[in-house]
Protein chains: 2
Amino acid sequence: MGLEAEPLAVPHPYWPRDLELRRYVPNDRPTWHSLSFLFSASAALLTLTWLAAGWRGWTGAPMRTGRRLAICWFAICGFIHGVIEGWFSLYHTEIPGDQCFLSQLWKEYAKGDSRYVIEDNFTVCMETITAWAWGPLSLWTVLAFLQRQPHRYVLQLVVSLGQLYGDVLYFYTEYREGFAHSEMWHPLYFWFYFVFMNALWIIIPSILLLDAWGHLSAAQRALDAVKAKKH
Amino acid sequence: MGLEAEPLAVPHPYWPRDLELRRYVPNDRPTWHSLSFLFSASAALLTLTWLAAGWRGWTGAPMRTGRRLAICWFAICGFIHGVIEGWFSLYHTEIPGDQCFLSQLWKEYAKGDSRYVIEDNFTVCMETITAWAWGPLSLWTVLAFLQRQPHRYVLQLVVSLGQLYGDVLYFYTEYREGFAHSEMWHPLYFWFYFVFMNALWIIIPSILLLDAWGHLSAAQRALDAVKAKKH
């Protein structure tokens, strides 16, 4: 081979097993570092937002448990979309060979979906929109509910539909590729990382979408009734 | 070559020029057949829906020009998503070698984006969701406005956001591939088919999204005010 030879593909834990990665450095942190960061940061945000939503100073009116939990959900989404997926959006080219904390988190997650270490085109586009649109809008949704802004349910609907559509495309594109980017049926990588973690963003946004639909339709019905009376 | 030799790639008008298509039959209908079908069917639907929206029997209340045009838009969307994109969703594997009318329309359009003749994974997924979700929901939106149903603006918001997100991903994925699937700057194929025809689904849904946002927020504001008075 001449001096201009391409670097050889390196060994890696990703699927399909014949996937060629030119740069990959195995994580030097144990898996529980990534997982405990994700879950403890989410739990801390949940607690803080729960307490914030309980403070009567915002609007004077007490909030139901379901509503408080929904606000906590959007706070966690703001963090995951803005910080974790934001990192992917910015550094997806470097992640396979990088040892920064969040890059290691993504290298770990990619064991359940290797599209995250090969700069898969759809994945980069969808994650970028998730990070830069649904991330900030999630935080705005938190604020909108705390301050009882009139567009709070519109924001809930927009963010939830955005998450749902993105996630449906995420599963659907991978289904059509025969789940080739994961070790099928692996309990941690396939079921927990790929299926369960993403199923959350199908189930919860679907519930919140229907909830927003109900609230907004009720508000429109009330306004229509008032206008009909006036005529 | 032995008997088991693969069929050779066939000549075709698509980009990139080295794209290998195994099956491709050139259209036997002239381009204006496809274009005139698309535009005359859309114009007919626009006229019919315009007249239907003007009929006072629905709700008794007259409708403003902008609202009537918006309803016409959703009728056209129902046709384009349900029929034209529905055809692609069902027959995307056969289209390159098929001579049915709608297959010829897609072979013509693909001169502006060859992802439609290579079963591009994202394109098939996005088009399938567009056809089977936004198609029927567009028609429901038409009916919801004609009958002044309380969820009419929710439907407008859902359909418009779905179209907008799908179309942003459509442009974004192709941008990241360097617009490789079209002859860049070609006046008809690149500018008209690819840019202009799709830009419509960025511009109009954006306007309708903001419109729905305004109406729904106003309804919620009115309901909040009524509730605040009661306390």
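This report describes the fold of chain A, its pairing with chain B, and a few residues in both chains.

The model is predicted: local features need pLDDT of at least 70, side-chain atom pairs count only at pLDDT 80 or more, and totals for chains, interfaces and linings use all residues. Residues are numbered from 1 along each chain as its sequence is written, chains are lettered from A and ligands numbered from 1 in the order in which they are written, and side-chain values use heavy atoms, with hydrogens and water left out.

## Chain A

Chain A contains six helices and zero strands, so its elements follow the order α-α-α-α-α-α from the N terminus. Helices here are DSSP runs of H or I with at least four residues, strands are runs of E with at least two, and both are numbered from the N terminus. The C-alpha trace of chain A spans about 85 × 35 × 35 Å along its principal axes.

Of the 231 residues in chain A, 50% are buried. Buried means under 20% relative accessible area, exposed means over 50%, and partly exposed lies in between, with a 1.4 Å probe and protein chains only. Among contacts in chain A with a separation of 6 or more, 68% are between residues 24 or more positions apart; a contact means heavy atoms within 4.5 Å.

The exposed area of chain A is about 11,000 Å², and carbon and sulfur atoms supply 67% of it. Such areas come from the Shrake-Rupley method with a 1.4 Å probe, and for residues only the protein chains shown count as cover. Chain A has 18 positive and 19 negative charges, and their mean positions are 21 Å apart. Lys and Arg count as positive and Asp and Glu as negative, without His and the chain ends; each charge is placed at NZ of Lys, CZ of Arg, CG of Asp or CD of Glu.

## The pair of chains

Chain A superposes on chain B after a rotation of 180° with 0.0 Å of shift along the axis, at an RMSD of 0.0 Å. The two copies are therefore related as by a two-fold rotation axis. The same surface serves both copies, since 100% of the contact residues of chain A recur in chain B. The superposition is by least squares on the C-alpha atoms of residues with pLDDT of at least 70 in both copies. Within chain A, the residue that comes closest to the rotation axis is A:Ala219, with its C-alpha at 2.6 Å.

Each side of the contact is made of 41 residues, from chain A and from chain B. The two chains bury about 3,800 Å² between them, with 71% of it on carbon and sulfur atoms. A:Tyr165, A:Arg176 and A:Trp213 supply 19% of the area that chain A buries against chain B, more than any other three residues. Buried area is the accessible area (1.4 Å probe) that two parts lose on being put together, summed over both.

B:Thr173 lies in helix α5 of chain B and is buried, at 2% relative accessibility. Leaving out residues up to four places away in sequence, B:Thr173 touches A:Asn121, A:Phe122 and A:Cys125 of chain A, and B:Arg115 and B:Phe122 of chain B.

## Helix α3 of chain B

In α3(B), eight of the nine residues are buried. The cover over these buried residues includes α1, α2 (65-91), α4 (121-146), α5 (152-176) and α6 (187-230) of chain B.

One of the buried residues is B:Leu105, with a relative accessible area of 10%; its helix, α3, takes in residues 101-109. B:Leu105 touches B:Ser34, B:Phe37 and B:Ile84, not counting residues up to four places away in sequence. B:Phe37 is 68 residues from B:Leu105 along the chain, yet their C-alpha atoms are separated by 9.2 Å.

## Backbone details

Two residues of chain A that are not glycines have a positive phi.

| Residue | Phi | Place in chain A | Relative accessible area |
|---|---|---|---|
| A:Glu119 | about 50° | loop between α3 (101-109) and α4 (121-146) | 30%, partly exposed |
| A:Trp185 | about 70° | loop between α5 (152-176) and α6 (187-230) | 53%, exposed |

A cis peptide bond joins A:Trp15 and A:Pro16, with omega about -5°. A:Pro16 sits in the segment before α1 (31-54) of chain A. In chain B, the peptide bond from B:Trp15 to B:Pro16 is cis, with omega near 0°, and B:Pro16 is in the segment before α1 (31-54).
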